[in-house]
Structures are given as C-alpha cells and as structure tokens.
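Hi,

Here is the structure I promised to pass on to you. Have a look at it first, and then read on for what turned up in it.

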Amino acid sequence: MAYRLDPAARQRGRKVARTAAPSTSPRRVEPPSLPLGDPTGGADGLAWQALVDGKQHYPRVHVDRNVTITMSDGVRLRATVVRPANRLGAPVTKPYPAILSINPYNRAILDALDEGLNMPVVGKALKSASGAVDASGTALEGLTRITGVVAGGGLDVFGINRNLVRSGYVQILVDVRGTGASQGKWQILGAREQKDSVELIDWVTTQPWCNGRLGMAGWSYSAINSLQAADKRPSALQAVFAIEGSSDLVRDIYITGGMHSAFIPIWLSLVNVLKWLPNPRTVLHDLGHGDAARWLRDRVKSPATELPSLLWGFLTTRDERIFDDPYFDERDPKVGNIACPTFTVGAWHDLFGPSSTQVYDKLNLEPGRKQVLVADGYHLDVGTGQGRRFSPPRLDVLERVWFDHWLKDIDNGIEEYGPVTLQQQGGGWTSGDRFPRPGVVTQRLYLSGESSGTAEHALHDGSLTPAESASDEVSSLTLRPDLRGLVSRDMAQVTAGAAIALGPKFSSDAEFQERGGLSFTTPAATEPVQISGSGNLRLYVASTGHEGTWAVTVNDVAPDGTSTVLTNGGLTVSNRALDKTQSDYDEDGNLLRAHHYLTRVRKLPVPVDLPVAIDIDLVPTDAIIEAGHRLRVDVYAASFPRFLTLVPDLIKARSRKQRLVLDPEHPSHLTFQAIGTFPTP
C-alpha cells in the first residue's frame, strides 16, 4: 500500500494523519509522495545532537560482562548487560527499554573497544581526533575515512553505547552461539540462530530491569540477524536500527553473478579464529563452573565452520552451497514480513551494496516507519563525515532518536525525517521521498567501436552513444583475465573498504585497472545528468572455452581524465539465465535489474567461439555527472579478487580468450534511469 504525508507535517510540532492512497499492483505501485526534507534534520537535527551530546539522565553505567542465558536446547549463550547507574556505579532499579545486539565477533573485542574509547582523557582525544582530521584530496584520504567511523557514531551502534544507556536504556550484547564465549555450533545465520534471537528477546523482556519494550541494533552480521528477528514479528520487538545488512546474501556477496568473492573465505577465517579466543573477563569463572570444558568440546566439534565445505565446493563444485541453494533461502531475512519500524543504513560501495536500497523497497511499511540512509562509502567507513555541516546527524544520534520515538513514545520528529536520505556520488547529501529520484526516465547508451579519444591507455578506446550504430560491420574486441583488479575499487569493495587506506587508485582513480580492459565513453555532458536507480549492461560475448567471466564498471570521467567507479557488476556466461519473475522492468519492458537463477540446474552451456547475449545487473546507485564530465563503461575479462572463478570453470575456460562482439544486429548497451541526457557524438 502506498502512503502520502501532508507537507504540513514538516512543520515542527504539528501532527497530521497519514492516509492510504488507492491500492495498485505491487510491481507497478506509484512511489509514495512525501515532501522533500533536509538531510541534516534542520532544527530537529540540531536538537537531536544537543540531546545526545548534552548531560544524560544518569551519570554512570553498570557493566556485567559475565551473563549466561540458556536456550531451549540447553546451549548456554554469553552476554554483556549494560544498565544505567548512579554516581556510585550501582545499577538503578527502574526498568527501561532494552536494546539487543547479537554478533559473532567475540565480546572480548567489544570490551577492548569500549574500554579504549572510554579511557579518561585518551578516549575523548581519540574521538575528537577522529572527527577533526579530514585528509580529503590527499594520499591519506582513505585512511581518515576509516578512522572517521569513531566520530560518525558507527562504533556506538556496533558495540557498547554508554551514552545511550545513561539516557535510560539497557543494552544487551550477546555472542552468537558457537562464537565468542557462547557454547554450541556456529550456524552462520541459520534456523537455530534465528530461534535464539526470538528466545533472547523473550528472556530480555522478562527481566526486572526491562519494561517489556525492546529494539534491536547492529552493524553487518548483527544487522542481518536483527532483520531476521523482526521478520518473526515478536510482539516485544518494536523497532530496528540496522547498519549495512543484507536481504540477498547470494547476490550481494556470496556468489555475485555466479562468482565467489575473496571476502567470504577471509571473513569465515576471521570469525573462526576469534571463536577460539576465550574471553579473559570470564575465563576463570568458566574454568570453575565447567563452562570452559563445554566451550572447548563444541569448538573441537566444529573447529573451522564452513571452511572445508567452501574449499571443497570451490575445487569441485560438488557442494550445493556454492550455488543459490535453500541453505541461503533459510538465511535471507524475509523483509516483507517485518512489521516494526525499521531504519536501515547502507553505502553504494558496501559489500551488500544492492541491499542498501532493496531492503527499504521490500519493507511493507509506510514512509516514516521505514527509513533508509545511503552514503558514498564502503563497509568499514560507515558514518564517516556524518554530523558535519550539510550532512545527516551522526549514526549514534539517529539511533538514539529512533529508539526514543518508537520505544519511549517521545515526539521528536524522527518519523518525518528522510525517509530516503542519499549521498549522491559526485554531489552532496539529499533527502527525499523515493529512490530512484522523481523524474527519472529509462535511457540507453550503445557501445561503439569508434574511438572517443579519452581512453588511449585502455586496451580499446570506444564510444558510448545514445544512437545505435548505423554501420552493418561486425567487429570483435579480445581480452584476457589479468590481476589489475588487485588495485581497483573492486579491491576496496571486497576488503570491506580497508584497501582505500592504500591510496586513490583503490577508490577514485580507475586508470590502472582500465589498462587491462575495454573502455566506452560518452562525449562530455552539456548539462548535469542525474543517474538514479538500478541498471543493466547487455553484452554480446564469446569465449574460446566453455566458460567466460565478465566484470564491468560504470564510471564518471572528470575533465582531467580521472575515472571514478560509480557502480559495478559481474557474471559468468553459464549463469546468464534470467528469472524474469524476479527481474525488474520498466513500463515499456526495458530490463532494469537482472535476477539470475545462479542454481546448478539453471546453468546454460557456453558454446565455443559462438556469441551469446548476457545481462549484467549493476549495483543500484545515485550519482550526478556534471556538465563537462563523461560517462564510461569499462569491460574486463575478470576482476580478481572481487570475483573468483571456480576451479572446474577455470578448466572449462581453457586459458580462454574472451571477445566482446560489436554487432549491429545484437547491440551491446547500457540501460539505466536518469534525469538529463548525454549528447550524441
């Protein structure tokens, strides 16, 4: 159902009723209409920040890092409970709403972060330095974007938020079963873990320090299990604040375009190492009460969860979890089932980039009860720059007022913020009523072999034009896989953003990677062009083997030639089959977002040296191409390590040469949505 809000609702303190618009088909629903807002929150935003940065109701917190919670199957989970405290450090007896976070990264790490950021003098200095140092435009820009997470409030949502607790909340942080100090076997978001979430909600809301109202908050893994818990609709769960979660693990990161990502084995290895580290805060207690023996027994039973099966599948393709399998269906949050107010935060170049806006779209809630904020960043730099002039409030500020409104019934205006707050690539922050932006129309740009004169460093410098080629000549452009993806924005994405600390070639300058690819570039724009929404790249390709791997990017090219990636995608040719019922089309039938099956049974044969058409879905984005700038499509035969090819597929490829075939009868083209147009050469 679509909802509309009277513009007068933007006036502070005035409430108006929301009314439902006429119902339409869910695939053709007219986007909800809300008045444009201020991404800073305006006067409300200033009041929110003053509230969080000012004096809190309680002077201290009481931290109990040794709490045991027994699940219905007997497995004992370990938790930290943080409660408001008086000046003497004694916990108050008054019950308050609770905020629950469940993650697999070992509470010992969260303890260290908490103590480091709250050390007298040192902690405050770290927070101040994090916000004060801005190295934009220098070689250190990437590094300061990562350290800016502290000032942006991201760590407060991830770990212990003492300021939030002192304002009148109880915070509970739990080690996922089989990780940290919790017993059992790690299931990686499986059904038993999801049941744990519901049982933890029940346990928390029956404690004397909780008033029965609960919210969930988290970043990454804990954002995903927050969405999972919300889709079960427990009555006590009344709000969610989820940073960089996912609604489609397969397509976001596990098997994008049928290709695995180096992130997954690295991440699995990290969590498996951390789960073997005993929590020094509880180790003596555990030894004395038999918990250490049970913990060790469970670790020995599953010493390296999922890593052997992942390796076996990568080497042989004989494990179904390297395809889109019911294993993943069980783990993907059923976002459409969520009934409680949900605020999601994402980034255009996040590991879960496609989900940044798709979670918002799938939520069956009226705008205001659902909100989305998407930054021009990565996984590890979330919140960087927020709280500054012309930027949204910090994440800890947004989290506080979100829970104040939905868990304490405080009329603070947060339900009228946004609901779609975006950092436009190449532009600034905006706040509006929908994504894509109002006024976008579907456009096509065709790949042409004719030189644009702007990418002589690439293997081929072609053109990108609104008009199909008038020539009937068929030509082929050959390329091979290389390792240039190691120095690219793809590398930054697959390392969760860590690689941006190494310099601009990993974030804003694609020239090195382009030397191994085919480039197609428009003439300079004569007016600003705003690209907003999903996109699809249709390519006509061939390979000398029985498999082919393709990686693509769409870039903004500045007048000085700097090429910056806006969005990307990839596909193996054997996975080209489309599920049309899950793909998105515009009213004229143009494909905007390709949804590939990615299952074993839906793989298609790849004929040797015979061209076939493939559709590569691009991560949804929002960007402005200023006048004088150009749009570029880069095509690669691979992008290691963002996309990894399974060993049997490598054997099928036979040290392949791949060809992009430019055939007027089968034109390769980019389909996207935009306001404004690019000129014809």
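A residue is called buried here if its relative accessible area is under 20%, exposed if that area is over 50%, and partly exposed in between. Please keep in mind that this is a predicted model.

Let me start with the cysteines. With a relative accessible area of 7%, Cys-340 falls under the 20% limit and is therefore buried. Cys-210 is buried as well, because its relative accessibility is 7%. Are the two joined? A disulfide is a covalent bond between the sulfur atoms of two cysteines. For it to be counted, the sulfur atoms have to lie within 2.5 Å, and by that rule the model has 0 disulfides. For Cys-210, the nearest cysteine sulfur belongs to Cys-340 and is 15 Å away. Seen from the other side, the closest cysteine sulfur to Cys-340 is that of Cys-210, and 15 Å is too far for a bond.

The aromatic residues have more to tell. The count comes to 16 aromatic pairs. In one of them, Trp-203 and Trp-209 have ring centres 5.9 Å apart and planes at 65°, so this pair is edge-to-face. Trp-203 is partly exposed, at 23% relative accessible area, whereas Trp-209 is buried, at 9%.

Another pair is made by Trp-348 and Phe-435; it is tilted, with 5.7 Å from centre to centre and 35° between the planes. Trp-348 sits in the loop between β11 (342–347) and α16 (355–362), and Phe-435 in the loop between β14 (429–432) and β15 (441–448), so the pair ties together parts that are 87 residues apart in sequence. Both Trp-348 and Phe-435 are buried.

There is also an aromatic cluster, formed by Trp-186, Tyr-221, Phe-263 and Trp-267.

Two rings have a charge over them. Lys-370 lies over the face of Tyr-360, 4.3 Å from the ring centre. The charged end of Arg-484 is placed over the ring of Phe-512, at 4.6 Å from its centre.

Finally, the surface. Met-119, Val-121, Val-122 and Leu-126 make up a nonpolar patch there, and together they have about 370 Å² of accessible area. Leu-126 belongs to helix α3 (residues 122–132). Its relative accessible area is 45%, so Leu-126 counts as partly exposed.

Happy browsing, and best wishes!

Key. Residues numbered from 1 in each chain as written. Predicted model: local features only at pLDDT ≥ 70, side-chain atom pairs only at ≥ 80, totals over all residues. Heavy atoms only, no water. Patch = residues over 30% accessible without salt bridge, like charges linked within 9 Å, V, L, I, M, F, W, Y side chains within 5 Å. Areas by Shrake-Rupley, 256 points an atom, 1.4 Å probe, with all protein chains shown as cover. Salt bridge = Lys/Arg side-chain N within 4 Å of Asp/Glu carboxyl O. Helix = DSSP H or I, 4+ residues; strand = E, 2+ residues; numbered from the N terminus. Buried < 20%, exposed > 50% of the residue type's maximum accessible area, 1.4 Å probe, protein only. Phe/Tyr/Trp six-rings, centres within 6.5 Å; stacked < 30°, edge-to-face > 60°. Lys NZ or Arg CZ within 6 Å of the ring centre and 35° of its normal.
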